[in-house]
Amino acid sequence: MEKKRENRAGRKRWLLIMDAVLLLALLFALWQLVATLVSYRRAQEKYDAIAEQAVRTAEPQPTAAAPGAAETPQPTEKPSEVPILVDFETLRQQNGDIVAWLYSADTPINYPVVQTDNNQYYLTHDFDRKKDAGGTLFFDSRNDIAAPDRNLILYGHRMKDDSMFGTLPDYAEASYWEEHPVMYLITEQQSYRVEIFACRTVSADKMQYFATGFESEAAYASYLTKAIGQSYWKAPFAADASYATLTLVTCSVYANADNPRVLVHGRLVPVD
């Protein structure tokens with residue numbers, strides 16, 4: 001009888017220990033979740049502040065009134081298509097690596113884009129060059145932004161709160177592409193309308209998907225044709241090698257030994 005009581009007491013102690021371990025594990029997981037959410041929020045607030053300082057909505061500018069004419073301002077005949085104006089001088093004071101701004105209406109994508117001599121630094125540093133798991137959007141170090149290569153490659157993390165390139169995998173759905181068919185890439189030299197024409201998942205280990213230059217126009221046309229052929233949906237226009245391409249890159253939502261990456265391709269149409 002005494003032995004049975006000892007066994008029950010032992011089992012009870014074991015259950016209490018297990019409950020305590022599970023509770024600690026739950027509290028630790030909750031702490032990690034809260035810490036991650038706070039980190040996401042702080043990062044987004046920082047980028048919101050950057051945008052507030054350096055970006056404003058483009059609006060039609062009034063023409064000067066002729067002497068004696070009514071003082072009611074009249075809009076210009078042809079306002080710029082680009083929906084935002086970017087103050088690169090202000091951005092350069094914060095980070096000399098600034099080269100562009102990427103904007104997509106009605107999405108979280110409204111960020112500065114940097115470039116440096118390697119493809120590692122901005123994976124773990126924010127625009128202020130401080131350590132941050134969310135990193136910064138950055139161009140491939142091989143790219144020439146001033147005289148654009150045939151394929152500009154732009155990297156960003158797929159954040160769980162949809163910040164950075166967290167929404168890129170949504171382009172796997174035709175319905176999302178139909179709602180967001182266009183982005184804008186703004187540089188000091190030129191602004192571009194980015195007309196999205198393909199979304200595909202590829203292996204990060206196969207460098208042919210990440211080519212920036214091509215040996216011939218035929219090779220470039222072949223790259224575009226393959227991108228369209230592997231896309232989750234079919235664009236309403238064919239591959240056009242007369243335009244440069246912007247390729248947006250982020251991690252896939254799927255884990256695989258192939259190290260998958262989501263690629264979203266858009267043709268770069270120069271605009272005023």
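In the predicted model described here, Arg200 lies over the face of Tyr223, at 5.4 Å from the ring centre. Tyr223 in turn belongs to one aromatic cluster together with Phe214 and Tyr220. A second arginine is placed in a comparable way, in that Arg267 lies over the face of Phe237, with 3.9 Å to the ring centre.

A pair of aromatic rings is described by the distance of the centres and the angle of the planes. The structure holds 8 aromatic pairs. In one of them, the rings of Tyr171 and Tyr176 have centres 4.9 Å apart and planes at 90°, and the pair is therefore edge-to-face, the angle being over 60 degrees. Both partners of this pair are buried, Tyr171 with a relative accessible area of 1% and Tyr176 with one of 14%. The rings of Phe214 and Tyr220, whose centres are 5.2 Å apart, have their planes at 45°, so that this pair counts as tilted. Within the pair, Phe214 is partly exposed, at a relative accessible area of 22%, whereas Tyr220 is buried, with a relative accessibility of 0%.

Tyr220 also appears in the lining of the largest cavity, as do Phe237 and Arg267. The structure holds 1 cavity of 30 Å³ or more, and about 60 Å³ of space lies in the largest cavity. Its lining further includes Phe197, Leu224, Ile228, Ala238, Ala239, Asp240, Tyr243, Ala244 and Thr245. By residue type, the lining divides into 9 nonpolar, 1 polar and 2 charged residues. Two elements, helix α4 (217-229) and strand β9 (244-251), each supply at least two residues of this lining, and the largest share, 3 residues, comes from α4.

Side chains of opposite charge can pair when their charged atoms come close. The structure holds 10 salt bridges, and among them is one in which the side chains of Lys46 and Asp126 meet at 2.7 Å, N to O. Because Lys46 lies in helix α1 (residues 2-54) and Asp126 in the loop between β4 (110-114) and β5 (137-139), this pair ties together parts that are 80 residues apart in sequence. Of the two residues, Lys46 is partly exposed, with a relative accessible area of 25%, while Asp126 is buried, with a relative accessible area of 1%. Lys46 forms a salt bridge with Asp128 as well, the closest N and O atoms being 3.9 Å apart. This second pair likewise links distant parts of the chain, with Asp128 in the loop between β4 and β5 and Lys46 in helix α1, 82 residues apart. Asp128 is partly exposed, at a relative accessible area of 29%.

A further salt bridge joins the side chains of Asp97 and Arg129, at 3.5 Å from N to O. Here the linked parts of the chain are the loop between α2 (88-94) and β3 (98-103), which holds Asp97, and the loop between β4 and β5, which holds Arg129, the two residues being 32 residues apart. Asp97 counts as buried, at 19% relative accessibility, since the limit for this class is under 20%, and Arg129 is partly exposed, with a relative accessible area of 37%. Elsewhere, salt bridges that share partners join Glu81, Arg193, Glu195 and Arg267 into one network. Arg267 thus takes part in this network, lies over the face of Phe237 and contributes to the lining of the largest cavity.

Note on methods: Residues numbered from 1 in each chain as written. Predicted model: local features only at pLDDT ≥ 70, side-chain atom pairs only at ≥ 80, totals over all residues. Heavy atoms only, no water. Phe/Tyr/Trp six-rings, centres within 6.5 Å; stacked < 30°, edge-to-face > 60°. Buried < 20%, exposed > 50% of the residue type's maximum accessible area, 1.4 Å probe, protein only. Lys NZ or Arg CZ within 6 Å of the ring centre and 35° of its normal. 1 Å grid on protein atoms, 1.4 Å probe; cavity = no way out; pocket = protein on both sides within 12 Å on 5 of 7 lines; lining within 4 Å. Points joined across faces, edges and corners; volume = space filled by probe spheres on them. Helix = DSSP H or I, 4+ residues; strand = E, 2+ residues; numbered from the N terminus. Nonpolar A, V, L, I, M, F, W, Y, C, P; charged D, E, K, R; others polar. Salt bridge = Lys/Arg side-chain N within 4 Å of Asp/Glu carboxyl O.
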